[in-house]
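Work through the exercises below with the sequence and the coordinates open. Try each task before you read its solution.

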Amino acid sequence: MRFYLTTPIYYVNSTPHIGHAYTTAIGDMIVRHHKLRGEETFFLTGVDEHATKVWRVAQEQGLDAQEYADQIAVQWRELPVRLNAEIDFFIRTSDEGHKRFVRDFLQRMYDNGDIYEDVYAGLYCVGCEAFKTEAELTPDGLCPDHLVPPEWIEEKNYFFRLSAYQDRLLALYAERPDFVRPAFRFNEARSFIEGGLQDFSISRAGQPWGIPLPWDEGQVAYVWADALVNYLSALTYAREGEDLRDTFWPVAHHLLAKDILRFHCVFWPAMLLSAGYEPPQQLFVHGYLLLDDKKISKSSGNIIEPLQLIDIYGADAVRFWIARAVSFGQDGSASVDGVRERYDTELANDLGNLLSRTTAMISQYRGGTIKRVQFEPPVDFDALREDVAARFDVFDVTGALEAIWQAVRRLNQYVGAEAPWQLAKDEQHADRLDAVLYNLVDGLTALAVALSPFLPETAPKILAALCQPAELTWDRVRNGTAIDVDGIEAAPPLFPRIELPTAAA
Ligand code: MSP
């Protein structure tokens with residue numbers, strides 16, 4: 001089994017915000033889960049550099065565009081690192097390997113007769129990096145997303161014959177009802193195709209920043225015609241001397257938010273067909289994470305510096321909040337206070353205390369030893385294993401974590417109901433106490449493994465505190481895998497109390 005996951009490549013006109021961290025963190029949870037299941041995985045993220053808005057920011061700063069991109073790319077590279085996202089490659093569209101591949105890709109479309117020259121005269125929103133029709137604007141003539149008037153562009157461009165792909169796209173959607181998830185996004189994309197497709201410009205004449213077209217060096221590739229190709233180009237040069245297309249195309253899964261649905265669900269598969277490639281396996285279109293009901297973006301001024309949250313609470317807590325704050329797929333409102341609330345009540349209390357109590361009791365009542373005597377597990381981990389995997393298969397990341405968290409709560413109830421501190425008072429209950437302590441260790445072991453995609457720093461700490469093997473494999477999410485050990489000591493808090501920096505933060 002092979003699983004290839006991509007995030008959008010982000011524009012480098014500004015620094016990362018929590019919305020970008022959102023997609024990258026969720027992507028990492030999904031990939032880590034598939035890795036646990038023993039699949040061969042590849043996780044790609046990176047940056048989109050050849051945008052007009054990037055070029056303009058560089059100009060404002062008096063920098064050469066490449067110099068500007070090189071500087072800001074450093075901060076973007078840090079995003080997956082700080083989120084503890086285990087990426088396999090970080091692509092930059094200014095990579096030589098990417099540029100070479102894009103030229104080849106566009107040439108293939110050209111050779112296939114799908115590209116022609118025409119004059120583009122129309123409106124362009126630099127915020128969206130997209131052409132706009134009057135009908136797409138607000139009554140005042142503004143871009144509804146950026147609330148600025150689009151610019152008039154009139155230039156000789158090369159166009160991609162997207163209109164010629166309507167039938168093939170409809171056939172693709174008819175054959176593959178799970179091509180786009182969730183279903184309402186599938187329907188949205190299909191209706192757009194049914195509504196009739198317009199050819200679109202794939203080049204820009206008035207801008208020097210970009211990849212020159214192989215058949216006309218006077219024009220550069222339109223930023224989307226360059227950027228989308230990253231999902232394929234990366235596979236050709238990410239590993240020197242290897243062509244990963246054989247392994248990971250077309251088993252690609254693209255994660256993106258609804259803002260860029262058309263580019264991914266309509267334009268990209270058509271471009272692939274034109275260049276002679278198979279469309280990806282699946283696209284998952286998620287909603288917006290709204291902070292206090294506003295979309296996070298530079299223009300609305302409510303940017304939260306994700307790295308700052310990580311500095312305070314750690315990557316695991318931020319990842320946990322991201323997975324839980326809103327139901328993945330839907331739009332949802334979240335507040336940054338939620339990070340702290342979940343840290344205190346769920347991570348520190350529900351999970352952290354469960355481990356502290358369990359290890360303290362084993363140390364105190366059994367000198368650090370557990371052994372398996374009786375076996376009446378309080379949680380059915382076979383059912384959980386299947387439930388969580390099924391949810392990940394449909395990208396229900398929030399549901400998967402909630403199912404696991406119910407098991408955390410169930411174990412806490414079990415401690416309360418069994419009251420080991422009472423059992424410990426009476427030698428007659430010695431076997432019962434052994435069984436309860438074993439079940440807690442066994443349950444926490446299975447939970448640590450199941451939680452590892454969400455909490456990659458915490459999971460190994462739990463296994464270590466319980467003296468259980470460190471290995472992370474999905475078949476450990478079952479009952480009765482904990483081995484008899486001695487040497488368990490009262491564990492330090494998994495999520496210690498955090499003193500918040502003063503008001504300014
Ligand atoms: N460069 C293009 C993508 C090219 S992919 C071939 C682009 N870049 S972007 O920087 O604007 O990133 C958009 C993506 O960032 C969204 O699709 C989503 O993955 C993520 N998000 C940005 N803000 C977000 C939220 N507020 N909520 C959820 N996701 C967010 O578009």
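## Exercise 1: The ligand site

G19 offers a polar backbone atom 3.4 Å from a nitrogen atom of the ligand. A polar contact here is a pair of N or O atoms within 3.5 Å; within protein, one must be able to donate a hydrogen and the other to accept it, and residues adjacent in sequence count only if both atoms are side-chain atoms. The model is predicted: local features need pLDDT of at least 70, side-chain atom pairs count only at pLDDT 80 or more, and totals for chains, interfaces and linings use all residues. Residues are numbered from 1 along each chain as its sequence is written, and side-chain values use heavy atoms, with hydrogens and water left out.

**Task.** Describe the ligand's polar contacts, its burial and its shell.

**Solution.**

Step 1. Start with the oxygen atoms of the ligand. One is 2.7 Å from an N or O atom in the side chain of T23. A257 places a backbone N or O atom 3.0 Å from an oxygen atom of the ligand.

Step 2. Take the area. Alone, the ligand exposes 670 Å², and the protein buries 95% of that. Accessible areas come from the Shrake-Rupley method with a 1.4 Å probe; for residues, only the protein chains shown count as cover.

Step 3. Assign the shell to elements. β1 (2-11), α1 (18-36), α7 (223-227) and α8 (230-237) each give two or more residues to it. Elements are DSSP runs, numbered from the N terminus: helices are H or I with at least four residues, strands are E with at least two.

Step 4. Count the shell. The ligand is surrounded by 24 residues, the closest being I9, T23, D48, A257 and L289. A residue belongs if one of its heavy atoms lies within 4 Å.

Step 5. Sort the shell by type. It holds 14 nonpolar, eight polar and two charged residues. Ala, Val, Leu, Ile, Met, Phe, Trp, Tyr, Cys and Pro count as nonpolar, Asp, Glu, Lys and Arg as charged, and the others, Gly among them, as polar.

## Exercise 2: A buried arginine

**Task.** R476 is buried; which side chain of opposite charge is nearest?

**Solution.**

Step 1. Locate the residue. R476 sits in the segment after α18 (458-465).

Step 2. Check for a partner. The nearest side chain of opposite charge is E471, 5.0 Å away, and R476 has no salt bridge. A salt bridge needs a side-chain nitrogen of Lys or Arg within 4 Å of a carboxyl oxygen of Asp or Glu. Lys and Arg count as positive and Asp and Glu as negative; His and the chain ends are not counted.

Step 3. Look at the backbone. The side chain of R476 reaches the backbone oxygen of P469 at 2.9 Å.

## Exercise 3: Backbone exceptions

**Task.** Inspect the peptide bonds before P182 and P250, then phi at E129 and F395.

**Solution.**

Step 1. Recall the norm. Most residues other than glycine have a negative phi, and most peptide bonds are trans.

Step 2. Read omega. From R181 to P182 the bond is cis, with omega near -10°. P182 lies in the loop between β7 (180-181) and α6 (183-194). From W249 to P250 the bond is also cis, with omega near 10°. P250 belongs to the loop between α9 (245-248) and β12 (252-257).

Step 3. Read phi. E129 has a positive phi, near 50°, in the loop between β4 (115-125) and β5 (130-132). F395 has a positive phi of about 60°, in the loop between α14 (381-393) and α15 (397-418).

Step 4. Add burial. E129 counts as buried because its relative accessibility is 0%. F395 counts as buried because its value is 3%. Buried means under 20% relative accessible area, exposed over 50%, partly exposed in between (1.4 Å probe, protein chains only).

## Exercise 4: Salt bridges

**Task.** How many salt bridges are there, and where do the partners R82 and E78 lie?

**Solution.**

Step 1. Count. There are 38 salt bridges.

Step 2. Take the pair within a helix. R82 and E78 meet at 3.1 Å, N to O. They are four residues apart in helix α3 (residues 65-82), so about one helical turn separates them.

Step 3. Take a pair across the chain. D434 bridges to K371, with the closest N and O atoms 3.5 Å apart. D434 is in helix α17 and K371 in the loop between α13 (337-366) and α14, 63 residues apart. D434 is buried at 8%, whereas K371 is partly exposed at 41%.

Step 4. Finish with a network. Salt bridges link D28, R32, K35, E86 and R319.
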